[in-house]
Amino acid sequence: MDKALADFVEMLRYSDVPVSISESVDAAETVRLFGYKDRGLLKTALAQVMAKTIDEQENFERCFDEFFSYQVNPDLAPEETLEEDGEDSQDTDESADSSPENTPANDDESAPNPASGGGEGGGGFSGEQSESGSASPLLDMLERNDRTELTMAMTAAASEANLRNIVLMTQRGLFTRRIMEGMGLDEVNREISRRNQEGDAEGADRLSGRLELLFDAVRDMVERQLALTSSGKAKQFRQDILKNVRLSNVEHRDFKYMRQLVQRMAKRLTDMNSRVKKVKKRGHLDIRKTMRRNVAYDGILFETHWKQKHKDRPKVLAVCDVSGSVAAVARFLLLFLYSLNEVLPKVRSFAFSGDLGEITDEFDRLGPEEAIPFAIEKYGGRSTDYGRALEDFKELCLDEIDNRTTVIFLGDGRSNGADPRIDILKEIKLRAKRVIWLNPERKSVWGSGDSEMLRIAPYCTTAETCNSLNKLELILRDLLKSN
Amino acid sequence: MTFIDKDPATAIDLIKDGFEKAGYICDRHIATSIYLSQKLDKPILVEGPPGVGKTELAKAASEILAAPLIRLQCYEGLDESKALYEWKYGKQLLYTQILKEKLGDLLEDAVGLEQSMDKLHQFGDSFYSEKFLEARPLLQALKSEVKTVLLIDEIDKSDHECEAYLLEILSEYQISVPEIGTIKAKTKPLVFLTSNNSREMSDALKRRCLHLYIPFPDASLERRIIQTRVPELEENLRNQLVSFVQQLRTQDLKKLPAVSETIDWARTLMLLHADTLDVDLVRNTLNMLLKFEEDIDNMYSEVPKFIAAARNERM
């Protein structure tokens, strides 16, 4: 596989198009078949080999256009026009300059160079005499102003410096420096100061001018690479952080990402849990057991035995405190629960701060996106009273709680001094299969101030701190698994 | 079809022409994926809204490749015995009954149980041989002497297990039957899997396939499709009709009209000897295009607007 394709695959991977090894092998084969000439055709073909969903397809097309547009025009960097004595190194002025070195260099450059990964020589110089006999290869190249070689050296130094791992804007300087050093910056600097000492000011200027342009070119390459890979990488980076950040601290602009994350996590849980149900629906004839059972009847199959695994879906009642800081967590818990509706079809949800009310209908009608703000508006904002909320809850649906029901409470357990009515909680615990209490506060502050958590906790099957998506996922996984 | 040795661009044009002759108008995407699947020996996973011609594609491919079409319709509960193979239990039973005496003869000189067993073992597992194997579509496709087109239709309707046993076929073109061993394809079939995306396929499956998404066709492509499928329809009416359907697709509907519905509608209009779209005609035949009462009600009042736009549109 050539390097351009390898880079492209890498870029795709960072842009949410997971390309497996076998797919990249196919892609290499496709490139071999089609070549790089007809880009439209290549794009169509590669898309089918590498992008396997419609979303991926879109990402793929964007990446393809971005990636290969860089490759098609090895841009004659604008820096070239800035060069010191105003001479233009483009082909047009070549005859005027009539420099022997210039011609081949330019020719090389104007040819598309798909494997270079973007990289343009050390800027344009023209009409300079070359001085040979210097010790460092970079010095040599600069003196000869051999762009092809400079480009190659740049690319080599870039891969040496692992330029592809660049993620953040702030790393630009570091990588530029590393690449320059890899190419032999030190020797050139020494040479410049040597010339200065020896009084060859003109020679020193010339060299440092060229070096400056080389710097620009490298900086350019670094930035291009950053643009290519970082958008994807930075996203991944951010997502990893978001999974662990405290839910109450999630900023508004990150909600979109959070939603995607929740949906993805929910889908994983759904996939893990949706299989067994189908086996139950059908039931397989268990031949071994059937035969064994019928040995007594001389092998005639009177009694059949069916393979059945059943896993009943938990009935879930979610009771969320929607006041103040807990609301942020409630939002994600509810979002998560409703994203799981394939495996958790029976979720009823309730919201309270003072009074408690059922919000299941709102969810069905509006979907979680709109239902959550609605619930917060309708029930939030009052001072929390767990006692009253539990009374309301008891009235509403205590009768429906049976030994298959899981009740999830989400709240900080701070009842503002009011009686939390532990007795009702006890009653719920007796009836329900499980009572889970999720508290966004850390365990160390449970029981401090008006927190009733220490009284509440004994009457819950589990009482857990839950303040990040990762925790939430773990808890829900347990919920599904232990059935 | 002899496109295999040509260079890609020519080959793809050849495929397109071939499909056109078979009455299937396709764009470059589709032709490219047929070419690729032949070159890379990969199945094609075709996705798209219902009625855009996913199944037709397989049928047309079987026509132009002159390869018989073997079809496996997936549904919830489809299992190995329906998709891969099954033992012919009845035949096995019958044979044991018939051969009972023969067995007696064979074991006559054996002394004791052990010897009889040994003797029996010498005959091998003749009851579990290919003669007693009932080939279901997937196995049929592999055992076929000539190249076949295997259509696994609506794979998204099947269970996860179904995907699992497809994997071996899709990547290696072989099936493992525990009692016999591995059955390899004599000639690799061209495999199409179609999906309406009612559930996401597993990554393992997707990785083994080329992915082809067929969207609703644009106006010009749809006109050509109608032209091929309902050639008797006048050009003027055809243009109006396609424009009307294209406008419908921009609306919020429960089910958008697909190509197959456009074709049906074109046929209907032809039967009614219509030569131009008018409001009553369209309202009366709207049920050919829209399959939900709600959609029809919603669009009822919009019909004149769409017709006017369709008439004014210059092709």
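**Exercise 1. Look just past helix α2 of chain B and work out which residue takes a positive phi there.**

Step 1. Just after α2(B), the residue to find is D41(B), with a positive phi of about 55°. Keep in mind that this is a predicted model.

Step 2. Now walk back into the helix. α2(B) covers residues 28–40, so 13 residues. From first C-alpha to last, α2(B) reaches 18 Å, close to the 18 Å expected at 1.5 Å a residue.

Step 3. Check which parts of α2(B) are buried: I30(B), A31(B), T32(B), S33(B), I34(B), Y35(B), L36(B) and S37(B).

**Exercise 2. Describe the side of chain A that touches chain B: how many residues does chain A put into the contact, and which element gives the most?**

Step 1. Count each side. Chain A brings 21 residues and chain B brings 19.

Step 2. Sort chain A's side by element. Those giving two or more residues are α2 (21–34), α3 (39–50), α4 (54–72) and α13 (275–282) of chain A. Top of the list is α2(A), with seven residues.

Step 3. Sort that side by class. You get seven nonpolar, six polar and eight charged residues.

**Exercise 3. Lay out the open six-stranded sheet of chain A and explain why β5(A) and β8(A) each have a side without a neighbour.**

Step 1. Write down the order: β5-β4-β3-β6-β7-β8, with mixed pairing.

Step 2. Find the ends. β5 (356–358) and β8 (462–465) of chain A stand at the edges, and each has a single partner strand, so one side of each lacks a neighbour in the sheet. From one strand to the next, the twist averages 20°.

Step 3. Zoom in on the β5(A) end. Strand β4(A), residues 347–352, pairs with β5(A) in the antiparallel sense over three bridges. Across that pair, F350(A) stands opposite E358(A) of β5(A).

Step 4. Add the helix. α18(A), residues 386–397, packs on the sheet and touches β3 (315–321), β4 and β5 of chain A. The direction of α18(A) makes about 35° with that of β5(A).

**Exercise 4. Decide whether A371(A) is buried or exposed, then place it among its contacts.**

Step 1. Count C-beta atoms. A371(A) has 22 others within 10 Å, and the cut-off for buried is 20 or more. So A371(A) is buried.

Step 2. Locate it. A371(A) sits in helix α17(A), residues 368–379.

Step 3. List what A371(A) touches, skipping residues up to four places away in sequence: I359(A), E362(A), F363(A) and L366(A).

Step 4. Compare sequence with space. L334(A) is 37 residues from A371(A) in sequence, and their C-alpha atoms are 9.6 Å apart.

Step 5. Zoom out to the whole chain. Of the 483 residues of chain A, 38% count as buried. Among its contacts with a separation of 6 or more, 73% join residues 24 or more positions apart.

**Exercise 5. Find the largest nonpolar core: which residues have the most contacts inside it?**

Step 1. Start with the background: in soluble globular proteins, nonpolar side chains tend to be buried together.

Step 2. Size the core. It has 93 residues, and those with the most contacts inside it are M50(A), L138(B), I152(B) and F192(B). α3(A) supplies the largest share, six residues.

Step 3. Follow one of these residues. Beyond its neighbours within four places in sequence, I152(B) contacts L72(B), C74(B), V191(B), F192(B) and L193(B).

Step 4. Look for a second core. Another one, of 62 residues, lies apart from the largest and includes M265(A), L390(A), L425(A) and L438(A).

Notes:
Residues are numbered from 1 along each chain as its sequence is written. Chains are lettered from A and ligands numbered from 1 in the order in which they are written. This is a predicted model: local features need pLDDT of at least 70, side-chain atom pairs count only at pLDDT 80 or more; totals for chains, interfaces and linings use all residues. Two residues are in contact if their C-beta atoms, placed from the backbone, lie within 7 Å. Helices (H or I, at least four residues) and strands (E, at least two) are DSSP runs, numbered from the N terminus. Ala, Val, Leu, Ile, Met, Phe, Trp, Tyr, Cys and Pro count as nonpolar, Asp, Glu, Lys and Arg as charged, and the others, Gly among them, as polar. A residue is buried if 20 or more other C-beta atoms lie within 10 Å of its own, exposed if 12 or fewer, and partly exposed in between; C-beta atoms are placed from the backbone. Two strands pair if DSSP finds at least two bridges between them. Axes are lines fitted to C-alpha atoms, for helices over the stretch in contact, and angles run from 0 to 180 degrees between N-to-C directions. The expected span of a helix is 1.5 Å times one less than its number of residues. A nonpolar core is a set of buried Ala, Val, Leu, Ile, Met, Phe, Trp, Tyr and Cys residues joined through C-beta atoms within 7 Å.
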